[in-house]
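I am opening my notebook on this structure. I will go through pockets, cores and a few single residues in turn.

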Amino acid sequence: MLGGFVKRIPRRRAIDLGTGSGVHAILASDHSATVVGADVSPRAIAFSNFNAALNEKSNIDFVASDLFDSIDGTCDLLVCNPPYAPDTAAKASDNFWSGGIEGTELLRRVVEALPTRLDADGTAYINALFPNPPGTKIRDHFDAWLEGNLTEWDVLDHTWPVPGYQDLFSEQPFQGDMSAWRFGVVSMRRSRIGRGWWKEVAGNGLFFREDGSCSVIADHDAYESPAGIS
């Protein structure tokens with residue numbers, strides 16, 4: 001889904017956080033001059049390097065890094081699929097699913113870094129579970145993480161409710177109210193006019209074709225006119 005949602009236009013530098021197998025870095029390498037794939041797991045970096053060699057990609061640099069910690073500079077394409085499950089038995093990034101006790105520790109760090117790590121003309125695509133407490137929305141947390149400056153961003157919210165989310169990995173899965181939880185892709189870019197917007201694009205059934213491929217591209221330009229903004 002994350003691979004399908006990214007708008008594949010020429011980019012100068014892409015960063016793939018939580019690269020895992022390296023698949024999103026490899027996809028980005030086809031339309032980006034350079035790519036950095038980062039993962040905290042040495043095993044993931046080994047797999048990523050193998051997959052890049054298998055696909056004959058020479059413009060990707062895979063680095064062991066806790067999110068941005070070992071990466072210098074900025075990018076004009078950011079893709080990220082961080083561990084996101086609330087887990088009281090494991091710290092965030094101790095495994096491939098734990099996002100910490102609340103599930104948002106890594107997600108929060110990524111969003112907080114956007115103002116300094118994403119170029120003015122860049123776009124970020126974040127695929128995650130959004131374990132919102134009851135009565136809250138994704139935009140509430142993003143606004144807090146951006147220090148009240150969410151209105152500086154254009155945001156496409158391609159997520160859907162998952163009140164029956166099942167955590168099959170954590171030793172102590174979350175047992176509380178999941179009525180506000182959502183899953184999917186949130187994509188962001190800086191507002192072109194200085195007055196941002198948040199567009200909820202509903203309907204998970206519309207995201208996929210019968211063969212399982214993604215039928216949607218998160219294209220901010222398609223919603224730039226006032227008629228396209230919620």
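**Entry 1: the largest pocket**

Which helix supplies the largest share of the lining of the largest pocket? I looked it up in this model, which is predicted. The answer is helix 3, with 3 residues. Helix 3 covers residues 42-54. Helix 2 (23-29) and strand 2 also supply at least two lining residues each.

I then noted the volume. The largest pocket holds about 700 Å³ of space. It is lined by 32 residues, and those closest to its centre are Asp39, Pro83, Asn95, Phe96 and Trp97. I sorted the lining by type and got 16 nonpolar, 11 polar and 5 charged residues.

**Entry 2: the second largest pocket**

I moved on to the second largest pocket, with about 230 Å³ of space. Its lining has 16 residues. Nearest its centre I found Glu102, Thr104, Pro131, Asn132 and Pro133. Which element gives the most to this lining? Helix 5 does, with 4 residues. By type, the lining has 11 nonpolar, 3 polar and 2 charged residues.

**Entry 3: the cores**

Next I looked at the largest nonpolar core, which has 33 residues. Ile15, Leu17, Leu78, Phe142, Val186 and Met188 touch the most other members. I listed the elements that give two or more residues to this core. Among them are strand 1 (11-17), strand 4 (75-80), strand 5 (118-130) and strand 7 (182-190). Helix 5 (138-145) is also on that list. Helix 4 gives the most, with 6 residues.

Apart from this core lies another, of 30 residues. Phe5, Val79, Trp181 and Val216 are among its members.

I went back to Leu17 and checked what it touches, leaving out residues up to four places away in sequence. The list includes Ala38, Leu67, Phe68, Ile71 and Leu78. Val79, Cys80, Asn81 and Val110 are on it too. So Leu17, from the largest core, touches Val79, a member of the other core. I kept Leu67 from that list for a later entry.

**Entry 4: Phe62**

Is Phe62 buried or exposed? Phe62 is buried, because its relative accessible area is 8% and the cut-off for buried is under 20%. I placed Phe62 in strand 3. Leaving aside neighbours within four places in sequence, I found Phe62 in contact with Thr19, Gly22, Ala25, Gly37, Ile45, Ser48, Asn49 and Ala52. I also checked Phe62 against Ile15. The two are 47 residues apart in sequence. In space they are 9.8 Å apart, C-alpha to C-alpha.

**Entry 5: two positive phi angles**

I turned to the backbone. Most residues other than glycine have a negative phi. Glu56 is not a glycine, yet its phi is positive, at about 55 degrees. Leu67 is not a glycine either, and its phi is also positive, at about 55 degrees.

Where do these two residues sit? Glu56 is in the loop between helix 3 and strand 3 (60-64). Leu67 is in the loop between strand 3 and strand 4. I then looked up their accessibility. Glu56 has 73% relative accessibility, so it counts as exposed. Leu67 is buried, with a relative accessible area of 11%.

**Entry 6: Ser191**

I found Ser191 in the loop between strand 7 and strand 8 (197-200). Why does Ser191 count as buried? Its relative accessible area is 14%, and buried means under 20%.

Which backbone nitrogens lie 3.0 Å from a polar atom of the Ser191 side chain? I noted that of Gly194 and that of Arg195. Not counting residues up to four places away in sequence, Ser191 touches Glu152, Trp153, Asp154 and Gly196.

**Entry 7: Gln166**

My last stop was Gln166, in the loop between strand 6 and strand 7. Is Gln166 buried or exposed? Gln166 is exposed, because its relative accessible area is 62% and exposed means over 50%.

I compared its position with that of Pro133. In sequence, Gln166 and Pro133 are 33 residues apart. In space, they are 16 Å apart, C-alpha to C-alpha. I had met Pro133 before, among the residues nearest the centre of the second largest pocket.

Technical notes: Residues are numbered from 1 along each chain as its sequence is written. This is a predicted model: local features need pLDDT of at least 70, side-chain atom pairs count only at pLDDT 80 or more; totals for chains, interfaces and linings use all residues. Side-chain values use heavy atoms; hydrogens and water are left out. A nonpolar core is a set of buried Ala, Val, Leu, Ile, Met, Phe, Trp, Tyr and Cys residues joined through side-chain atoms within 4.5 Å. Buried means under 20% relative accessible area, exposed over 50%, partly exposed in between (1.4 Å probe, protein chains only). Contact means heavy atoms within 4.5 Å. On a 1 Å grid over the protein atoms alone, a cavity is a set of points where a 1.4 Å probe fits but cannot get out, and a pocket is an open set with protein on both sides within 12 Å along at least five of seven lines; lining residues have an atom within 4 Å of a point. Grid points are joined across faces, edges and corners, and a volume is the space filled by probe spheres set on the points. Ala, Val, Leu, Ile, Met, Phe, Trp, Tyr, Cys and Pro count as nonpolar, Asp, Glu, Lys and Arg as charged, and the others, Gly among them, as polar. A polar contact is a pair of N or O atoms within 3.5 Å; within protein, one must be able to donate a hydrogen and the other to accept it, and residues adjacent in sequence count only if both atoms are side-chain atoms.
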